[in-house]
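User: I should like to learn how to read a ligand site in a protein model. Could we work through one example together?

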Amino acid sequence: MPETADHRHHLLALEGLAGDELVSLLDQARRFHTAAGSDPPTSLLAGRAVANLFFEDSTRTRCSFTIAAKRLGALTIDLTGAGSSLSKGESLLDTARTIEAMGIDVMVIRSRACGTPAMIADAVRCAVINAGDGRHEHPTQGLLDLYTLRECWGDFAGRTIAIVGDIANSRVARSNIHGLTTLGTEVLLVGPPALVPRSLERIALGPGRVSVSHDLDAVLPRVDAIMMLRVQFERLVGGAIADDYRALYGLTAQRAERLRPDVPVLHPGPMNRGVEIDSEVADDPQRSVILRQVANGVALRMAVLARSVGAS
Ligand code: CP
């Protein structure tokens, strides 16, 4: 987490973050979550300004960053591509510098292109948080998934998770792989060969191992958690999704019965119900932690925002 001269911390990726930095953010989120109720307001960021610059659509990330910033007492502004001067040809860098000139302390940036938050971080003086850049990373989603898994598991070492679906196109998978393996969890990447190439086994440096399987039914009995990913129709070129995706890789109600009863089901959302996950599984109150992930995202993003300005 690079630190600038005035103690501002960017969060551009989970790749390269040490285990103690990850745990420190999870601990801080837990303090926000449990202090006198769920995510109570504080004045930690009073007098600060947070800009949400979302150049790609979002529901969960954008709204939870806004709620998190307001619960910390910050002033917030929101900008999307539509309705801004980007539509008149202004560049992303000029847009970021213009917003910063209004007195912004933290920029939260979502972009279709990999590397946009890092490029902007090099050009501005405020802290920059990556809210998802192309296929690269989605670090706050990865952190809220770690937070949710720690609630379920207690600890990460010795656990095994299956991440199932369109791994090649998934920034959520990439952030989870880096965070989970750093904390000692074994990650099984599961899906069709075109979306889950063997080369992904070399993506992380451990200590947790990464392995690839193209057989979901074979891995179900041995996992401690399963994370289903959205088939990203908007990123697939040439309609490469096979007709039998659901039959081979969907978490159907029948497949879910083969998981141990204590195994949580995660999904970062938005879901394609009936494609990668059946409604019976997504809405199962015993197994599904999908809405808990969303709820946990607020406290986690409070922790990331506080850290970004050195206020935690
Ligand atoms: N999980 C996630 O990033 O969802 P949004 O696209 O709705 O923010």
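Analyst: The turns below treat the ligand site and then the domains of this predicted model.

User: Which residues surround the ligand?

Analyst: One begins with the shell. Here the ligand is surrounded by Ser58, Thr59, Arg60, Thr61, Arg110, His138, Gln141, Pro268 and Gly269. By class, this shell comprises 1 nonpolar, 6 polar and 2 charged residues.

User: Which backbone atoms lie opposite polar atoms of the ligand?

Analyst: A polar contact is a pair of N or O atoms within 3.5 Å. In this model, an oxygen atom of the ligand lies 2.8 Å from a backbone N or O atom of threonine 59. On the nitrogen side, a polar backbone atom of proline 268 is 2.9 Å from a nitrogen atom of the ligand, and for a polar backbone atom of glycine 269 the distance to a ligand nitrogen is 3.2 Å.

User: How much of the ligand does the protein bury?

Analyst: One compares the ligand alone with the ligand in place. Alone, the ligand exposes 250 Å², of which the protein buries 92%. The space that the ligand takes is the largest pocket.

User: From which domains is the shell drawn?

Analyst: One first consults the domain assignment. It gives domain 1 (19-137 + 294-308) and domain 2 (139-293). Each of these two domains supplies at least three residues to the shell around the ligand.

User: How far apart are the centres of the domains, and how many residues does each bring to the contact?

Analyst: The C-alpha centres of domain 1 and domain 2 are 25 Å apart. Their contact involves 31 residues from domain 1 and 29 residues from domain 2.

How values were computed: Residues are numbered from 1 along each chain as its sequence is written. This is a predicted model: local features need pLDDT of at least 70, side-chain atom pairs count only at pLDDT 80 or more; totals for chains, interfaces and linings use all residues. Side-chain values use heavy atoms; hydrogens and water are left out. A residue is near a molecule or strand if one of its heavy atoms lies within 4 Å of it. A polar contact is a pair of N or O atoms within 3.5 Å; within protein, one must be able to donate a hydrogen and the other to accept it, and residues adjacent in sequence count only if both atoms are side-chain atoms. Accessible areas come from the Shrake-Rupley method with a 1.4 Å probe; for residues, only the protein chains shown count as cover. On a 1 Å grid over the protein atoms alone, a cavity is a set of points where a 1.4 Å probe fits but cannot get out, and a pocket is an open set with protein on both sides within 12 Å along at least five of seven lines; lining residues have an atom within 4 Å of a point. A molecule sits in a cavity or pocket if more than half of its atoms lie within 2 Å of its grid points. Ala, Val, Leu, Ile, Met, Phe, Trp, Tyr, Cys and Pro count as nonpolar, Asp, Glu, Lys and Arg as charged, and the others, Gly among them, as polar. Domain bounds come from an automatic or database domain assignment. Contact means heavy atoms within 4.5 Å.
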